[in-house]
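This report describes one protein chain. Please look at the sequence and the structure below before reading on.

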Amino acid sequence: MRARAGDPPRTMAQKILAARSSDPTLAGEMVDIGVDQVVLARAPTRAHAQAVAAGLKKTSVELAIAYDGRCITDAGAVAESPSTTAEMLASGVLVARAGVGFPAPVHLERFASPARLCVTDEPRLAGVGGIGMLTLVVPTTSLARALTQKTVLVRPPVSVQVLLGGRLRPFVCARDVALELLRRGLGDVVRRIEEERGAPVVLEFAGPSARLLSVGERSVMAAMAPQVGAAAALFVSDERTEVFLRDQRRSKAHRALVPDAGAPCEEVVNVDLGAVDPLLLDDEGQVRAVRDLAGRKVTQALLGGDGGVTLRDLFAAAILLKSKRVPSRLDFLLAMPSRQMLEVLAASGALTDLIATGVRLVEPDARVVSGELYCPPRTGVAMRTCDPEPRVTGQRTAVVASAETLAYAVATGEVGDPRSFKRPVRVTVPRALPTDDVLVARRAERVEDGTSAASSRRGHDSTAQAARSKRREGRSLTVSPTQGWRSAQTLELVDVATLSASGWPAGEMSAAAGVAPSVGNGRSSAVAVVCATLDEVRDLAARAHEVARCVRAVLAPYIPGGLVALLSAAGIAAIRLDASAAKGLRGQPTIALPAPSQWPERGTATVTVGATRLPLTWLALGAERTWATGGAALGGVAAVAAAGEAAAGGARGAAPEAVDRASSGVLAVAKSGRATPDR
């Protein structure tokens, strides 16, 4: 994207947003931005149901796609309704079927485009910033608005520039560089700047050595943005990006993207790639040199995942492990990031070498990277190449390392420095890549009655109309209303460990049955959750819709702006407390929060906790405050209303979904006594 005459110097993020906003200066607490791509990965049916309820017929965004992340099902699993898939396709939303791969690498290969804006509900999609696409995580209601109106409300971000110099040494790869940035305290830099500016932070990678990295390596480094609290990460779009798109047969999608000279970056971080050593992220969340853990026995090794390895890394691991055998006590798993990588490895013979080593191929299920499937064993070290889930107290986590470090662990059965292999691997990545997208559904082949969609142009319309009728009868997905924070309230104080021990799924199911949620020791009350770390806040924000029925506020020393929006849209107040306030909360059973009108924007309010008065800051700004008080509607101003009539013939205890589209475009959704789980 080239600057026009008279434009001020802009960062890469400002270029992308200013080109899509009616106000190129990006002034104001929240700005309305045009959207190029919408990616639904964590709760696709929920977002699509809200968009259809708001009147979506066919989306006008450049690309909208829903990823099916559940490959392994059981008898008790909720199956995806064929009518839901057909309705998505009729609405212009592509459907990536189970088995296509993990969303981030698949989207990078087949759909991501430089200098565009993508909104999603999947934080792991930050890796597509390696191609130069700005990817922001937004609430489900904002995704529905993007599908219907092609715009979203976001906070204008500020940027931190990461300048790369030098050249990577043998057995050091992009994963080690990402861990080096974590070790240098990039998270502290992001936190300080966000607290000073009150705006989300975007990491922008540039410098003379950026052109030496492939798009896949850039993606691995960009994927670490959520771990440091950044809203997104961006790499320059240059000739390496153009070559990558040409290999993917998408050369027309290329656009150049570089920051302007003198662009207003808040801080510059310099990294010498030649000074980086093999590193790992231990099970306590600390970045350490590989030699610090040398000799520890490894019992599980997971190669692949959603964004921790490149195609070159997979080839390197296959070469290093050729003629090796997996130790008897070690479980070696391979989760291919994408179907394209699987086909390339199979055609080259590298997959055969890995199978001969003793690897087990596992499905690219989203629960593999979250640890729900193939969880870390209780003894020994569990090592993985994919980015970790947020670390929560009481949960066993795996060690994160590069593919070559993991290959050494598989070859020897223990943690060690991959430079002990001595002879560096030379990898030639094939340029001819399969691009058939066989598992991406682009149109509905058949409708529910089995007739061909091509036989009647009314096929899609009838399918969509039938689905809308089912929702009105209470037999389809319902749009869950937010509780909202409308007045002063006294909340029970709990920490994340207490909330986890009480069981979030149980709380959600009790709410779905019309029973007040039980929070810890059988108590039935609304709670305020005190978080000590960024990972605890990230974990809560990811479950915001599940816990919103009992959680009314989250208190933490640091809550990134992007997570403030996610919590606010679920009706949860995001409140910052300083060190003195955190001490004052210790041992207190409850906290009394004033009414929303008594909290100044960007200012502190005095809150009474026991006999102590503490200064707290409600972090929501502008429209986010409306969302948190029960106005998480597509228009961003008004709200969710309860309906009084039950549908004739509906399920017992269920009220119908009522949709009222006023001239202002505001969505009012009826409360339902029953919640249908989203996949």
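The model is predicted, and its protein chain has an average pLDDT of 83. A score of at least 70 is reached by 81% of the residues. Confidence is low in some stretches: over residues 447-481 the pLDDT stays under 50, and for this stretch the model has 56 contacts beyond four places in sequence. Residues 505-524 also stay under 50 in pLDDT, with 26 contacts beyond four places in sequence.

The next topic is a sheet. In what order do the 4 strands of the open sheet run? The order is S10-S9-S8-S11, and the pairing is parallel. At the edges are strand S10 (232-235) and strand S11 (267-272), each of which pairs on one side only. From one strand to the next, the twist averages 20 degrees.

Strand S8 covers residues 158-165 and strand S9 covers residues 201-206. These two strands pair in the parallel sense over 6 bridges. Leu163, for example, has Ala206 in S9 as its bridge partner.

Helices also lie across strands of this sheet. Helix H7 crosses S8, S9 and S11, while helix H8 crosses S8, S9 and S10. The table lists their angles.

| Helix | Residues | Lies across | Angle |
|---|---|---|---|
| H7 | residues 186-197 | S8, S9 and S11 | about 130 degrees to S9 |
| H8 | residues 215-222 | S8, S9 and S10 | about 155 degrees to S10 |

Strands S8 and S9 thus appear in several places: they pair with each other, helix H7 lies across both, and so does helix H8.

Methods: Residues are numbered from 1 along each chain as its sequence is written. This is a predicted model: local features need pLDDT of at least 70, side-chain atom pairs count only at pLDDT 80 or more; totals for chains, interfaces and linings use all residues. Side-chain values use heavy atoms; hydrogens and water are left out. Two strands pair if DSSP finds at least two bridges between them. Axes are lines fitted to C-alpha atoms, for helices over the stretch in contact, and angles run from 0 to 180 degrees between N-to-C directions. Contact means heavy atoms within 4.5 Å. pLDDT is the predictor's confidence in each residue, from 0 to 100.
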